[in-house]
Amino acid sequence: MNGMAQALALSKGMSCGQFCTSPGLIVVQRSAQANAFIDALAREVEQLRPHAMLTPGIRGAYAAAVAKRAQDARLTVRAHAPRDASKA
């Protein structure tokens, strides 16, 4: 399961997630195995190195979307970029 989480995290983080084929939605059935996968995926995502987005406009739109989702009480952040990622 950790190998699958690592592969998904690397795919999602490739080129800062800016590939058209980057997975945007991950659906799992509620179960102990799903929780273990989500935990493993969160650990893998936090290991990714931040890097520059294609344009400042894309970076700004991304930051605005993250801020908006952070205000949604229905959502839980499971992984986040290092503090200095805002400079990327």
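## How the two helices pack

In this predicted model, helix α1, which covers residues 2-13, packs against helix α2, which covers residues 32-47, at an angle of about 45°, and the axes of the two helices are 8 Å apart. Angles that are neither under 35 degrees nor over 145, and that also fall outside the range from 65 to 115, count as oblique, and α1 and α2 are therefore oblique to each other. The crossing in which α1 passes α2 is right-handed.

## Residues where α1 meets α2

On the side of α1, the residues that take part in the contact are Asn 2, Met 4, Ala 5, Gln 6, Leu 8 and Ala 9, and on the side of α2 they meet Phe 37, Ala 40, Leu 41, Arg 43, Glu 44 and Val 45. Sorted by the character of their side chains, the residues of this contact between α1 and α2 divide into 8 nonpolar, 2 polar and 2 charged.

## A closer look at Lys 12

Helix α1 also contains Lys 12. Is this residue buried or exposed, or does Lys 12 fall in between? The relative accessible area of Lys 12 is 36%, and because buried means under 20% and exposed means over 50%, Lys 12 is classed as partly exposed.

Along the chain, Lys 12 and Leu 48 are 36 residues apart, and in the model their C-alpha atoms are separated by 9.9 Å.

## The chain as a whole

The protein chain holds 3 helices and 0 strands, and when it is read from the N terminus on, its elements follow the order α-α-α. If one considers the contacts between residues at least 6 apart in sequence, 75% of them join residues that are at least 24 apart.

With regard to the surface, 14% of the 88 residues of the protein chain count as buried. The area that the protein chain exposes comes to about 7,000 Å², and 58% of this area is supplied by carbon and sulfur atoms.

How values were computed
Residues numbered from 1 in each chain as written. Predicted model: local features only at pLDDT ≥ 70, side-chain atom pairs only at ≥ 80, totals over all residues. Heavy atoms only, no water. Helix = DSSP H or I, 4+ residues; strand = E, 2+ residues; numbered from the N terminus. Buried < 20%, exposed > 50% of the residue type's maximum accessible area, 1.4 Å probe, protein only. Contact = heavy atoms within 4.5 Å. Areas by Shrake-Rupley, 256 points an atom, 1.4 Å probe, with all protein chains shown as cover. Axes fitted to C-alpha atoms, helices over the stretch in contact; angles between N-to-C directions. Left-handed = near helix turned anticlockwise from the far one by under 90°. Nonpolar A, V, L, I, M, F, W, Y, C, P; charged D, E, K, R; others polar.
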